[in-house]
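Visitor: I'd like to go through the backbone of this one. Can you put it up?

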Amino acid sequence: MDSANTKKTAEVKITREGPIIITGNFTITDINSCVLQLDNDREVWLCACGRTQKQPYCDGSHSK
Ligand code: FES
């Protein structure tokens, strides 16, 4: 079995008034075509409220 078959499928969870949580293997590309997240099995919280100071990532500002 090659490594492509062992990768965890990406899952996206939408939360109420909070971040978009992505787990698994995926990449994120910004508007300048720069890859922000390498393809690894991990969890990332993306801001969905627009209040973060660390775009595109959630910094907890949604709960303030
Ligand atoms: S969703 Fe957490 S700061 Fe925006």
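Guide: One definition to start with: a residue counts as exposed if 12 or fewer other C-beta atoms lie within 10 Å of its own. Also, this is a predicted model.

Visitor: Fine. Is Glu 17 buried or exposed, and why?

Guide: Glu 17 has 8 C-beta neighbours inside 10 Å, so it counts as exposed.

Visitor: Where is Glu 17 placed?

Guide: Glu 17 is in the loop between β1 and β2. That hairpin has five residues between the strands.

Visitor: What sign does the phi of Glu 17 have?

Guide: Positive, about 60°, although Glu 17 is not a glycine. Most residues other than glycine have a negative phi.

Visitor: And the strands on either side: in which sense do β1 and β2 pair?

Guide: Antiparallel, over four bridges, with β1 covering residues 11–14 and β2 covering residues 20–24.

Visitor: Which residue in β2 is the bridge partner of Lys 13?

Guide: Ile 21 is the partner of Lys 13.

Visitor: Switching to Ser 33. What is its phi?

Guide: Ser 33 has a positive phi of about 65°, and it is not a glycine. Ser 33 lies in the loop between β3 (28–29) and β4 (35–37).

Visitor: Does Ser 33 count as buried or exposed?

Guide: Exposed, because Ser 33 has 6 C-beta neighbours inside 10 Å.

Visitor: Now peptide bonds. What is the one from Gln 55 to Pro 56?

Guide: The bond from Gln 55 to Pro 56 is cis, with omega near 5°. Most peptide bonds are trans.

Visitor: Where is Pro 56 found?

Guide: Pro 56 is in the segment after β5 (42–46).

How values were computed. Residues numbered from 1 in each chain as written. Predicted model: local features only at pLDDT ≥ 70, side-chain atom pairs only at ≥ 80, totals over all residues. Pairing = 2+ DSSP bridges. Helix = DSSP H or I, 4+ residues; strand = E, 2+ residues; numbered from the N terminus. Buried ≥ 20, exposed ≤ 12 C-beta atoms within 10 Å, placed from the backbone.
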